[in-house]
Each structure stands twice: as structure tokens, then as C-alpha cells.
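Work through the exercises below with the sequence and coordinates open. Each task sentence is followed by a solution in steps.

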Amino acid sequence: MRLGIVRGHVTLSPAVPELMGKTLVVLEPVTMTNLVAKNGLGGGKSLVAVDALGAAKGQMVAFTEGREAANPFWPNSIPVDAYCTLIVDSITTGNAKFEEAEVSK
Amino acid sequence: MFLARIDGTVVPAAKHNTLEGCRFLVAQRLEADGSRGAEPLVIIDWVGAANGATVLVSTDGDIARERYGNTTPARMVVAGIVDAVQVPRAGNGRSA
């Protein structure tokens with residue numbers, strides 16, 4: 001999983017039936033430099049992921065990529081390749097502790 | 001599979017319901033030239049890797065699916081803690 005900051009939401013109209021009712025978020029992946037600097041920046045290339053946890057704009061999430069991102073919808077097939085697996089409360093790295101509140105600048 | 005260095009831990013505020021009680025670590029991918037991956041990775045660990053350890057990460061979700069069920073989005077898991085890595089440097093060992 002990579003880390004990403006929720007930058008916004010996407011709504012589709014129309015959409016394939018499999019995606020009806022799914023929440024889509026725009027994520028900006030976070031680089032190690034920005035995570036340690038705690039500057040609220042991401043730095044990676046944006047992507048869209050399915051979110052079932054209710055992540056709010058500005059929150060940091062960890063997202064699964066690839067085939068496993070569709071597993072939560074098993075046994076249905078769904079055209080999903082990124083899925084928000086957890087919402088970050090805090091991250092402790094060797095030299096810094098990141099708190100959720102600090103990213104929401 | 002790839003090698004990664006454990007940098008810290010993640011405390012989730014919310015997580016997928018199949019992953020109750022999981023341990024989430026932050027790791028950075030290690031490259032053969034000694035550099036590190038730019039983006040931190042969140043990896044599930046049930047081996048017990050310590051901070052600073054070098055681990056082997058598997059990106060095959062099947063082992064996680066066996067453990068957490070068919071609906072788990074878990075993918076990257078710590079497959080083992082690295083004891084030693086031998087990467088011959090240029091000029092060392094037998095060269096072609």
C-alpha cells in the first residue's frame with residue numbers, strides 16, 4: 001500500500017453499473033520527503049480510488065493497488081484497481097511522528 | 001518481491017473490517033544501487049519485524065487472502081526478515 005492525501009471526490013454520471021453508489025476519491029500519493037517534513041504536501045502523481053471508509057478531504061489514507069483492490073467486492077467483478085484500505089491516525093517514523101491533524105492544512 | 005527497510009508504524013483511525021488487529025509498518029523500498037524508493041509503503045506484518053530491519057516484502061495478495069478471507073484488500077506483507085544480502089560490487093567477484 002502507498003500513502004495518499006484525499007484531495008477531493010469524483011462523481012460519475014453515467015457510470016458502469018458496477019460503480020454505481022461507490023465513493024471515489026482523488027488521492028495525491030505522499031513521498032517520504034514530504035511525510036517526514038510533515039508539510040501537508042503529497043508529491044506523487046494523482047489517482048482515483050474507491051473509498052468505503054468515509055475519508056474526508058485532507059485526510060491521509062493507505063491505498064491498495066492492483067487486482068487486490070477489487071477483492072472487497074468479491075465475488076462480483078468490478079473495474080477497480082485502487083482501494084482505500086485504512087485511514088491514518090498517526091505515523092511514527094524513525095525521526096518524526098506524523099499526526100493526522102497536521103496534514104489538514 | 002523486493003527488499004525494504006522498516007521505518008516506522010502506522011496507527012489507523014479506520015481500516016477495512018478484515019484487517020482487525022493487524023500490524024501496519026511503514027517501509028521504504030531498497031534498490032540494488034543503495035538508494036531508497038521515493039514513496040513510503042504501508043506493509044502488513046505478522047512476522048514481527050523491528051524498526052530499522054531489512055525485510056522481504058511480497059506483493060502477492062494470496063497469502064493475505066488465505067489469512068483474512070476473500071474480501072481483504074491486503075496485498076503487501078512481510079514475507080521474512082533479511083539476515084544477509086550479498087550483492088557483488090563492480091570489480092569484486094568474478095566478472096564476465
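**Exercise 1. Secondary structure of chain A**

Task: state how many helices and strands chain A has, and in which pattern they follow along the sequence.

Solution. The model is a predicted one.
- Step 1. Counting elements gives one helix and six strands for chain A.
- Step 2. Reading along the sequence puts them in the pattern β-β-α-β-β-β-β.
- Step 3. Of the 105 residues of chain A, 36% are buried.
- Step 4. Take the contacts in chain A between residues at least 6 apart in sequence: 58% of them join residues at least 24 apart.

**Exercise 2. Chain B by the same steps**

Task: give the helix and strand count of chain B and the pattern along its sequence.

Solution.
- Step 1. Chain B has one helix and five strands.
- Step 2. Their pattern along the sequence is β-β-β-β-α-β.
- Step 3. Chain B has 96 residues, and buried residues make up 34% of them.
- Step 4. For contacts in chain B with a separation of 6 or more, residues 24 or more positions apart account for 53%.
- Step 5. The C-alpha trace of chain B spans about 50 × 25 × 20 Å along its principal axes.

**Exercise 3. Confidence**

Task: report the model scores, then find which element of chain B has the lowest mean pLDDT and which the highest.

Solution.
- Step 1. The model scores are ipTM 0.88 and pTM 0.89.
- Step 2. Chain B has a mean pLDDT of 90, with 92% of its residues at 70 or more.
- Step 3. Among the elements of chain B, the lowest mean pLDDT, 94, belongs to helix H1 (residues 62-68). The highest, 97, belongs to strand E3 (residues 41-44) of chain B.

**Exercise 4. The contact between the chains**

Task: determine how many residues each chain gives to the contact and which element of chain A gives the most to its side.

Solution.
- Step 1. The contact takes 30 residues from chain A and 28 residues from chain B.
- Step 2. On the side of chain A that touches chain B, at least two residues each come from strand E1 (2-10), helix H1 (32-37), strand E4 (60-65) and strand E5 (82-93).
- Step 3. E5(A) gives the most to this side, with 10 residues.
- Step 4. Sorted by class, the side of chain A that touches chain B holds 16 nonpolar, 10 polar and four charged residues.

**Exercise 5. Strand pairing around E5(A)**

Task: find how many bridges join E5(A) to strand E1 of chain B, and how many bridges E4(A) and E5(A) pair over.

Solution.
- Step 1. Across the chains, E5(A) and strand E1 (residues 2-15) of chain B run antiparallel and are joined by seven bridges.
- Step 2. Two residue pairs fix the register: Thr92(A) has Thr9(B) as its bridge partner, and Ile91(A) stands opposite Val10(B).
- Step 3. Within chain A, E4(A) and E5(A) pair in the antiparallel sense over five bridges. Here Glu65(A) stands opposite Ala82(A) in E5(A).

**Exercise 6. The largest nonpolar core**

Task: identify which residues of the largest nonpolar core touch the most other members.

Solution.
- Step 1. The core has 46 residues, and those touching the most other members are Val61(A), Ala62(A), Phe63(A), Ala27(B), Val42(B) and Ile43(B).
- Step 2. E5(A) gives the most to this core, with seven residues.
- Step 3. Take Val61(A) and leave aside its neighbours within four places in sequence: its contacts include Gly4(A), Val6(A), Leu27(A) and Ala55(A). Cys84(A), Leu86(A), Ile87(A) and Val88(A) are also in contact with Val61(A).

**Exercise 7. Backbone details in the loops of chain A**

Task: locate the cis peptide bond before Pro14(A) and the one before Pro75(A), then classify Lys38(A) and Leu41(A) as buried, exposed or partly exposed.

Solution.
- Step 1. The bond from Ser13(A) to Pro14(A) is cis, with omega near 0°. Pro14(A) is in the loop between E1 and strand E2 (24-29) of chain A.
- Step 2. Trp74(A) and Pro75(A) are joined by a cis peptide bond with omega about 5°. Pro75(A) is in the loop between E4 and E5 of chain A.
- Step 3. Lys38(A) lies in the loop between H1 and strand E3 (47-50) of chain A. Its phi is near 50°, a positive value in a residue other than glycine.
- Step 4. A residue needs 20 or more other C-beta atoms within 10 Å to be buried, and is exposed with 12 or fewer. Lys38(A) has 15, so Lys38(A) is partly exposed.
- Step 5. Leu41(A) is in the loop between H1 and E3 of chain A. Leu41(A) has 16 C-beta neighbours inside 10 Å and therefore counts as partly exposed.
- Step 6. Leu41(A) and Gly4(A) are 37 residues apart in sequence, and their C-alpha atoms are 9.7 Å apart in space.

Definitions and conventions
Residues numbered from 1 in each chain as written. Chains lettered and ligands numbered in written order. Predicted model: local features only at pLDDT ≥ 70, side-chain atom pairs only at ≥ 80, totals over all residues. Contact = placed C-beta atoms within 7 Å. Helix = DSSP H or I, 4+ residues; strand = E, 2+ residues; numbered from the N terminus. Nonpolar A, V, L, I, M, F, W, Y, C, P; charged D, E, K, R; others polar. Pairing = 2+ DSSP bridges. Core = buried A, V, L, I, M, F, W, Y, C linked by C-beta atoms within 7 Å. pLDDT = per-residue confidence, 0-100.
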